[in-house]
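These are my notebook entries from a session spent looking through one chain. I wanted to go from the whole to the parts, and to end on the backbone.

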Amino acid sequence: MNKTSLLALGILLSCLTSLFAFNAHQPFDISSDVLDYNDETQEITAEGHVAIVQSSSTLHADVVRYDRLHQHLIARGKVVLREKDGIVLGDQMDYDLVQEKGVVLGGKGYGSPWLFQGASWEKNQDYYVGRNASFTSCDLIDPHYHIRSSRVHLIPDRLFWAWNNIFYVDDHAVFYSPFLYKSLGPRRVVFQVQPGNDSVKGAFAKTTTTLRFTDKVYDRVLIDHYTTSGTGYGNEFDYHDTNYKGSLFGYYINPKGSPELVGAPKTAQYNVRAYHWQKIDSNLIVQSNINHRKNVSFNDQFFTQDTNQSVTDITNSTALTYQKGRINQRLVVEALEAPDANADPLFADTHIQSASLPRYELTFYQMPLWSPHISTSTLEQVLHPNHLGPLQITANATAEDFYSRIDDQKRLRATTGATLSESINLSRNWSFTPTVTPSLRWQDKYDPFVPPATATTTVVVIPIGIFRGYQSRMGTSDNLRYRPTSALTIDQTYTMTARMTPNELSLDRGLQDGGIETNHLSWLMFWRPSRVVLLRSFSGYDLRTLADEDPNAYRQRRVDPWTNELTFQ
């Protein structure tokens, strides 16, 4: 039986545990069609639609006899026990409220998502025994699978064990285990060993020791030994709560230039990463992300479990975000670490290649600048509403002090842009949405990497993107949508972005693309015939003309691959 089945058994037994919640410490109410009390023996006999309620527990039966003197309860005939979301049905229940000891015969029950039954369920304080028990999570009348156990023992929140366990698919027994055991208590210390052999690093043994201080704070200690590359040490500390979460991780290994590791470094290798997110109030959030490693191949060579495996460029950042209404503001300090361009591709040391010190971002979410007047005063205006939708605007801006390792200089940068869009209803099934996106970029120095200028017979042309001052762009995106049914839409979208000459408002006639950065036509079909089925089909066509382009590159760029996606949920 796998770990999921063991956990499931623990869950359903915990549901059963709560259903034996009656005790002698709290009063309970009894109601029935007929209620008889014997003053001499202090026995209460209830018959017909008997209901007993104590706190959140409820007992229903045909007949119930309660001995007040000995605090003993006997129920017969259609016995139903309810506790929160769980329910147990049986033929008879015999229960001692003082000792909290009893038995239910012929018990069947439900504790989401599990159905279970057994010849009997016994309880003795915090110790439970089920005999000839079976359970399943299949809710069909004839379940496709179930598990049978001859005897199940449970100590709530501590452990359970079971004898003679058989897993059935339909009526066929497919797996047998004579004994099962599982701890249900909080696992404060867990030790794992992963042995194996690597063709490069030799035989290894990876160990993980997890120390769980609380349900929200834990620490993992990693000690890995490789016969060739040596011993590595790591530690990961994680924490979380409602308004904050984070982790701190580090790993160290010293391969000492082992001759069996061809090209391996001869110095200690390490990586460090940390993450923290915290909600200060309803509008203010702070988050940080720190990554550093000795060389670019550290994770591939020594710690392949790391989330940054095979990632050459890693980012360090701290951000403060404030959002209120339609305005979002962020103050970011960010650095990009990577090896230098001509460094050793395997073991190059990483450096900060670029950084924002700091960057301010402002986003203005979509809002209407103008809305058509909507009137319902006449039937004609209701049947034929205005074809024009509201004129929407979205805007954003950034400003930063930018550092580059190439020339070891800082430069000021700023960008701003806005998007204006309006939906036009052409008819019942057709709509058209034109969009205009002007943008402007400014910087106080030339870009750090300036390739040689391109010469023609009459003029020297500065390559694209090399400028000081400002440069603007004008973009448009026009979407034509056909919607024959509520489940099917077909979109045709045309996009074009024109780049202006630096410090001018005329089109940049660059030799490479003539100043046209985007000139693209695309198609998309979106069909959702039901809640569980989704079909997307799309392609596109690039209308640009690029100078000196390789014929193979031209063919690959010109037409977007026709892609079809069929999704079942």
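**Entry 1, the whole chain.** I began with the contacts: among those in the protein chain with a separation of 6 or more, residues 24 or more positions apart account for 44%. I note at once that this is a predicted model. I then looked up the make-up of the protein chain and found four helices and 32 strands. Of its 569 residues, 34% count as buried. The accessible surface comes to about 33200 Å², and carbon and sulfur atoms hold 56% of that area.

**Entry 2, the largest nonpolar core.** Which residues of the largest nonpolar core touch the most other members? I found that this core has 25 residues, and that Ile52, Leu59, Val64, Leu73, Ala75 and Met93 are the ones with the most such neighbours. The elements giving two or more residues to this core are all strands, including S3 (43-54), S4 (57-67), S5 (72-83) and S6 (86-96), and further along S8 (114-124), S9 (127-136) and S10 (145-155). Apart from this core lies another, of six residues, and I wrote down Leu222, Phe249, Tyr251 and Ile253 as being among them. As background I add that nonpolar side chains in soluble globular proteins tend to be buried together.

I took leucine 73 as a single case and set aside its neighbours within four places in sequence; what remains in contact with leucine 73 is Ile52, Leu59, Val64, Arg65, Tyr66, Met93, Asp94, Tyr95 and Leu97.

**Entry 3, aromatic rings and charges.** I counted six aromatic pairs in the structure. One of them joins phenylalanine 237 and tyrosine 239, with the centres 6.0 Å apart and 40° between the planes, a tilted arrangement. Phe237 and Tyr239 also belong with Tyr244 to one aromatic cluster. Is phenylalanine 237 buried or exposed? Phenylalanine 237 has a relative accessible area of 30%, so I recorded it as partly exposed.

I then looked for charges over rings and noted two cases. The charged end of arginine 148 sits over the ring of tyrosine 168, at 4.4 Å from the ring centre. Lysine 206 lies over the face of phenylalanine 204, and here the distance to the ring centre is 5.1 Å.

**Entry 4, strands S29 to S31.** I followed the pairing from S29 (residues 488-499) to S30 (residues 516-527), which is antiparallel and runs over 11 bridges. Within this pairing, tyrosine 494 has leucine 521 of S30 as its bridge partner. S30 is in turn joined to S31 (residues 533-542) by eight bridges, again in the antiparallel sense, and methionine 525 has serine 537 of S31 as its bridge partner. The connection from S30 to S31 is a hairpin of five residues.

In the loop between S29 and S30 I stopped at threonine 501. Threonine 501 has a relative accessible area of 18%, and since buried means under 20%, I count this residue as buried. Beyond its neighbours within four places in sequence, threonine 501 is in contact with Ser506, Leu507 and Asp508.

**Entry 5, alanine 418.** This residue lies in strand S24 (residues 409-425). I checked alanine 418 against valine 436, 18 residues away along the chain, and found their C-alpha atoms separated by 8.2 Å. Not counting residues up to four places away in sequence, alanine 418 touches Thr394, Ala395, Val436, Thr437 and Pro438.

**Entry 6, backbone exceptions.** Before listing these I recall that most residues other than glycine have a negative phi, and that most peptide bonds are trans. The bond joining leucine 357 and proline 358 is a cis peptide bond, with omega about -5°, and proline 358 lies in strand S22 (residues 350-370).

Lysine 78 has a positive phi, near 50°, without being a glycine. I located lysine 78 in strand S5, and at a relative accessible area of 66% this residue is exposed. Aspartate 548, likewise not a glycine, has a positive phi of about 55°. Aspartate 548 falls in the loop between S31 and helix H4 (551-558), and I recorded this residue as exposed because its relative accessibility is 82%.

Note on methods. Residues numbered from 1 in each chain as written. Predicted model: local features only at pLDDT ≥ 70, side-chain atom pairs only at ≥ 80, totals over all residues. Heavy atoms only, no water. Pairing = 2+ DSSP bridges. Core = buried A, V, L, I, M, F, W, Y, C linked by side-chain atoms within 4.5 Å. Buried < 20%, exposed > 50% of the residue type's maximum accessible area, 1.4 Å probe, protein only. Contact = heavy atoms within 4.5 Å. Phe/Tyr/Trp six-rings, centres within 6.5 Å; stacked < 30°, edge-to-face > 60°. Lys NZ or Arg CZ within 6 Å of the ring centre and 35° of its normal. Areas by Shrake-Rupley, 256 points an atom, 1.4 Å probe, with all protein chains shown as cover.
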